[in-house]
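Visitor: I would like a close look at one part of this protein, please. Could you take me through the small sheets and the charged pairs around them?

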Amino acid sequence: MRSQIPSFRLPATVLDEEVGYILDMVLTTHFNHYVDSLKGLLDQDYDAIFVGSGAPRGRDLPGLPGRQEGDASIHIGIDWLSNVAFEHIEKIGKRVIVLGGGNTAMDCCRTARRVGGEDVKVIVRSPFDSMKASTWEKEDAIHEGIPFVDNHVPLEFVIEDGKLVGMRFEKVNAVFDENGKRSLVPTGEEPVLFPCDEVLVAIGQENAFPWIEKNIGIEFDNWGMPVLNAQTFQSSCAKVFFGGDSAFGPENIITAVAHGHQAAVSIDLFCDGKQVNQRPPPGTNLLSTKMGIHEWSYDNDVTTDVRKIVPLVELTSALQNRTMEVELGFDAQAAFDEAERCLNCDVQTVFTDDKCIECDACVDICPMDCINFIENNDESELRQSLRVKAVIAGQDIYVSGNLETGRVMVKDENVCLHCGLCAERCPTAAWDMQQFFYQVTKAAPLCIK
Ligand SMILES: Cc1cc2nc3c(=O)[nH]c(=O)nc-3n(C[C@H](O)[C@H](O)[C@H](O)COP(=O)(O)OP(=O)(O)OC[C@H]3O[C@@H](n4cnc5c(N)ncnc54)[C@H](O)[C@@H]3O)c2cc1C
Ligand code: SF4
Ligand code: SF4
């Protein structure tokens with residue numbers, strides 16, 4: 001996080017605060033230690049070991065002509081970002097090509113703009129719309145004046161007098177077969193030369209475990225990934241657990257944290273001599289949010305407000321200071337307005353069959369037409385008979401028990417806005433809005449001691 005996510009997106013002060021909460025838990029830490037042997041750790045007889053070593057290897061283009069000769073001016077994106085973060089690199093040439101279409105490419109091009117790159121462009125094989133980078137990351141790069149050249153496949157690094165002077169690309173079109181499989185088909189046009197001083201290669205990341213010996217009981221699959229239980233994160237060596245990017249490949253921070261929680265539960269059970277797959281369930285609860293008639297703990301006004309845009313720092317200043325946080329965040333009013341757009345997904349509509357007198361008042365008031373009182377039928381038929389057909393098969397519909405008239409109440413949860421108007425209207429409180437609480441299972445305090 002610190003070495004690769006640029007500080008203009010994730011400032012060191014934020015990281016220090018967050019990491020500080022963990023360090024304050026009185027842990028024994030060994031910073032500035034490279035672990036060069038897992039066997040060495042196992043020999044120290046720890047009760048359990050958690051491996052969270054990330055996905056540290058950036059993909060390269062070793063076979064592309066000119067790669068070796070141009071090496072001094074060609075950098076692996078994630079390594080280059082680390083070098084910038086640690087201030088080993090403070091500048092880059094004026095003309096920079098960033099290869100790749102993911103979020104790392106977006107961080108590379110935006111960082112290059114801040115350390116001397118004037119003509120920085122992203123060149124990607126795929127069409128712009130199918131680039132892996134998140135839409136908002138692409139928007140931020142475009143906002144900083146970075147052009148995207150899509151449908152261009154690298155052919156060679158062009159070297160003159162032993163020095164990188166550009167890259168040549170083949171133009172392609174994305175063609176999809178009947179199964180939706182994509183091929184990049186050359187257009188037949190002449191290759192295109194883009195002059196440049198330096199190239200950042202951001203075409204993917206992979207795992208690497210050079211420090212894990214092959215003969216210590218940890219099984220790896222054909223792709224070099226540890227064989228793990230997807231729920232417990234336990235490896236084939238019972239006392240070694242993996243999590244984060246090192247477990248199943250590059251993901252994101254929130255996934256790494258979730259893995260950490262689950263692995264901690266496993267380690268806690270393991271150290272206690274219990275089965276790691278007999279896991280305590282998460283905490284769940286439903287609580288009525290009604291505090292009195294027509295008094296609700298959330299806003300049920302149905303609006304079509306669009307998402308508020310997070311204001312950004314002025315562009316010239318942002319590009320002059322690599323560590324200046326770009327997003328200014330919401331002021332109190334914008335934050336309040338944005339929070340008002342909440343769809344109350346945590347508030348469930350709970351229906352009690354035997355309270356319903358089938359007056360249809362809730363059907364009238366529902367702004368989404370998602371309440372139906374109809375004859376029961378097969379699920380596929382029911383889905384077609386709703387006022388708004390329930391077309392997403394993977395999304396459950398709610399079917400009540402039989403009502404007084406023999407009909408049932410059917411509701412498509414996918415359409416419901418959780419506005420609560422049905423509950424407000426219902427004369428018998430057959431509808432009740434109940435807040436759902438979910439607490440992920442955490443390792444017992446024993447583990448912290
Ligand atoms: C450029 C870039 C931008 C990203 N932006 C975002 C983003 O905006 N939001 C988001 O959620 N995710 C983002 N990610 C992904 C996110 O950074 C990772 O998914 C997350 O950091 C994974 O956490 P981790 O703990 O598994 O591994 P890491 O955060 O990679 O941490 C692994 C740690 O292990 C250390 N280590 C490795 N091997 C050894 C060893 N042998 N001995 C000792 N220490 C070792 C490393 O030095 C490192 O400190 C980004 C990734 C990249 C590359
Ligand atoms: S909560 Fe609102 S949208 Fe959902 S069923 Fe009730 S009235 Fe309809
Ligand atoms: S408003 Fe209440 S009583 Fe009337 S049909 Fe709806 S759930 Fe039944």
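Guide: Here is a walk through one sheet and its surroundings, followed by some other parts of the chain.

First, a word on the model and its conventions. This is a predicted model, in which local features need pLDDT of at least 70 and side-chain atom pairs count only at pLDDT 80 or more, while totals for chains, interfaces and linings use all residues. Residues are numbered from 1 along each chain as its sequence is written, chains are lettered from A and ligands numbered from 1 in the order in which they are written, and side-chain values use heavy atoms, with hydrogens and water left out.

Let us start with the sheet that holds β16, β18 and β17. These 3 strands form an open sheet in the order β16-β18-β17, with antiparallel pairing. The edges are taken by β16 (371-374) and β17 (397-399), each with a single partner strand, so one side of each is left without a neighbour in the sheet. Neighbouring strands here are turned by 20° against each other on average, direction ignored. Axes are lines fitted to C-alpha atoms, for helices over the stretch in contact, and angles run from 0 to 180 degrees between N-to-C directions. Strands (E, at least two residues) and helices (H or I, at least four) are DSSP runs, numbered from the N terminus, and two strands pair if DSSP finds at least two bridges between them.

Between β16 and β18 (residues 408-412) there are 4 bridges in the antiparallel sense. One point of contact is I371, whose bridge partner in β18 is K411. K411 has a second role, in a salt bridge with E413, where the closest N and O atoms are 2.9 Å apart. A salt bridge is a side-chain nitrogen of Lys or Arg within 4 Å of a carboxyl oxygen of Asp or Glu. K411 is buried at 1% relative accessibility, whereas E413 is partly exposed at 24%. Buried means under 20% relative accessible area, exposed over 50%, and partly exposed in between (1.4 Å probe, protein chains only).

Another charged pair is E358 with R407, which meet in a salt bridge of 3.0 Å, N to O. E358 lies in the loop between β15 and α10 (361-365) and R407 in the loop between β17 and β18, so this pair ties together parts that are 49 residues apart in sequence. E358 itself is buried, with a relative accessible area of 13%.

Elsewhere, D71 forms a salt bridge with R67, with 2.8 Å between the closest N and O atoms. D71 is partly exposed at 42% relative accessibility, while R67 is buried at 6%. The count of salt bridges comes to 22.

A second open sheet also has 3 strands, in the order β14-β19-β15, again with antiparallel pairing. Its edge strands are β14 (283-288) and β15 (347-351), each pairing on one side only, and the twist averages 35° from one strand to the next. β14 and β19 (residues 431-439) share 6 bridges in the antiparallel sense, with N285 standing opposite F437 in β19.

For parallel pairing, turn to β11 (residues 198-201). β3 (residues 74-76) pairs with β11 in the parallel sense over 3 bridges, and the partner of H75 in β11 is L200. β4 (residues 95-99) also pairs with β11 in the parallel sense, over 4 bridges, with V96 partnered by E198. In a regular strand the side chains alternate between the two faces of the sheet. In β11, E198 and L200 point one way and V199 and V201 the other, and all are buried.

To place these parts in the whole, the protein is divided into domain 1 (34-56 + 209-271), domain 2 (71-206) and domain 3 (287-305 + 340-439), with bounds from an automatic or database domain assignment. The C-alpha centres of domain 1 and domain 3 lie 44 Å apart.

One last stop is G117, found in the loop between α4 (103-114) and β5 (119-123). G117 is buried, at 2% relative accessibility. G117 and I5 are 112 residues apart in sequence and 18 Å apart in space, C-alpha to C-alpha.
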